[in-house]
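The following exercises ask you to reason from a model to its side-chain pairings and packing. Work through each task before reading the solution beneath it.

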Amino acid sequence: MSLEEIFALKEGRDILSGVYGFCKEEDASLSKFLEAVTQAQSIAIWNKLCPAISDAVSAILGKNSPDAEELLGALTAGAKCVKAALALSTFKPAIIKAALLDLSRFLGDFDNEIVDSFPLRNLISSICEACIVASEAGSEHYLPSTITFLLRESLRADDKEGFLKRLLAVRNVFEALDFSRADQVFIKDLLLRCFVHPNYLKCADARKFLAELIAMSNGFLCDTVCQVVKVQIASGSVMLASQYGSILYKAWKDNLGKSPEFSRRLQDNIQHYVQECAHAENAKRFKGLKQLLKSFHDVNRSDQFNTMLVEIYDPIIWRSLRCANATVRSQAAVLFLDVFPLQKISPHPEESDRLLQKQFDMLTSLLKDDDQRVRAIAITGVFHILREYWDMLPSATIQNLLKYIFDTLAFDVSSANVRYAVVMGLKDLLQQPLSHKALKGLLPIIRNYIHDRSERVRVAFVQLLNMVRFPSFDLHFFLIRSSLYAFHFRLRISRTFFSMIL
């Protein structure tokens, strides 16, 4: 039968069956036929098709029809007719949108899924997506069912059809969703699954989308997402924690000033991460939380961002650094050295100066800590701070820190880790050219590290010697000469000892 004969039939179901059979062989002629009909003919056609589509949807969803395959064929034909009609620029009666609304009922009902219904659902979804992108009137009615379908399919392990990309194409309409409604709880659960699915975490555009989701509906998902993130990073995965950190930072940055309530809610959750990191009960949890927070530390800091960091850390960090538990002090020291310097823009300069001085005093206090782990962490952190901020720190502060390290900690016989931290910290500080003048007179102090009883310290010291021998490091040659002499003397003793044994 030709299309003219098919659409001349009286019953809408017969028309849909005829179109389904016709489109199996040739699909392009349908658009040409609908484009050629007059407005009166088009209205007559849709007056037959719409009730047939509605009846087929009701029969499938109500499971009151024994012939599900035939109904699926009818709905497929109806969807193709709707798609062809909506593509026409000449005539778009509202009755076509009514048929699309009926089709979206089938798309969104996943409690009555039928075998082999995916191609039809995919076709209906593509039609709805086109209307949503084009901002067609009434598209908000089938928005939830379309988003639900795209979310479900994008969360499959093998997204061959590119559903994630299709979902991102309609991301702007998510603001229209009301997550507090009972009928959209399923969408909320799917969105939470997105925060743990590799398809989303591995894609840069998808991570931006997740950052937008956190801020939607004035942060309705914020607290729940932060709880999900906390559970996920318990594995200690550096990459996973870094991805979550970038998502949370982007959510905070993009909404700064737009939604004070959301910013405060997210800030409270970040503060909770800081508290948990300082008091983490195992190394994996500490490692994951530290990496997440690093996304907030290693950024260009604006005045507002500096103020936010002070508000987050000030109630926690000072108390944790003085905790009786040495593990808590060591973990808090890592956080403090990562976030240094804490700066608060204040109309009173003396207030900012007091905060900086408090941090300088804390650096000295950490260097003098009773626990060797804290001292080693403090040495590494202090050298890194000197490397980054040498030209901005007071010269008296620099001299005091270096004097205590070289006079006391460099000869800490109680811990090889402390001495190793001194050498490794110096390798870091040597990257700062402004420090070379001060180090000329200090480096020879540790020349005897060449025969330290710890092999790890000796190896690190030889690596340090290898650095300072290059012309780019204009340092006093006495360090190399005296160290090599000590090494030669040690080697000569060893040879004498072995000759005596043999």
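**Exercise 1.** In which helix is Val-229 found, and which residues beyond its neighbours within four places in sequence is Val-229 in contact with?

*Solution.* The model is a predicted one, and the first step is to place the residue: Val-229 belongs to helix H13, which covers residues 222–232. The next step concerns accessibility, and since buried means under 20% relative accessible area, Val-229, at 1%, counts as buried. Turning to its surroundings, and leaving aside neighbours within four places in sequence, one finds Val-229 in contact with Tyr-244, Tyr-273 and Leu-292. A further step takes in Phe-195, which is 34 residues from Val-229 in sequence, while the C-alpha atoms of the two are 7.8 Å apart in space.

**Exercise 2.** Determine how Arg-105 and Asp-102 are paired, and how they are placed in helix H6.

*Solution.* Begin with the general principle that side chains of opposite charge can pair when their charged atoms come close. A salt bridge requires the nitrogen and the carboxyl oxygen to lie within 4 Å, and the closest N and O atoms of Arg-105 and Asp-102 are 3.2 Å apart, so the two form a salt bridge. Next, consider the backbone: both residues lie in helix H6 (residues 94–108), and because they are three residues apart there, about one helical turn separates them. Finally, examine accessibility, where Arg-105 is partly exposed with a relative accessible area of 35%, whereas Asp-102 is buried at 15%.

**Exercise 3.** Is Glu-153, the salt-bridge partner of Arg-156, buried or exposed?

*Solution.* The side chains of Arg-156 and Glu-153 meet in a salt bridge with an N to O distance of 2.7 Å. Glu-153 has a relative accessibility of 7% and therefore counts as buried, while Arg-156, with a relative accessible area of 42%, is partly exposed.

**Exercise 4.** Describe the pairing of Lys-250 with Asp-254, and then state which residues are joined with Lys-230 into one network.

*Solution.* The closest N and O atoms of Lys-250 and Asp-254 are 2.8 Å apart, and the two residues form a salt bridge. Both lie in helix H14 (residues 238–254), where they are four residues apart, about one turn of the helix. Lys-250 is partly exposed with a relative accessible area of 26%, and Asp-254, at 32% relative accessibility, also counts as partly exposed. As for the network, salt bridges that share partners join Lys-230 with Glu-276 and Arg-285. By the distance rule, the count of salt bridges comes to 19.

Terms used: Residues are numbered from 1 along each chain as its sequence is written. This is a predicted model: local features need pLDDT of at least 70, side-chain atom pairs count only at pLDDT 80 or more; totals for chains, interfaces and linings use all residues. Side-chain values use heavy atoms; hydrogens and water are left out. Helices (H or I, at least four residues) and strands (E, at least two) are DSSP runs, numbered from the N terminus. Buried means under 20% relative accessible area, exposed over 50%, partly exposed in between (1.4 Å probe, protein chains only). Contact means heavy atoms within 4.5 Å.
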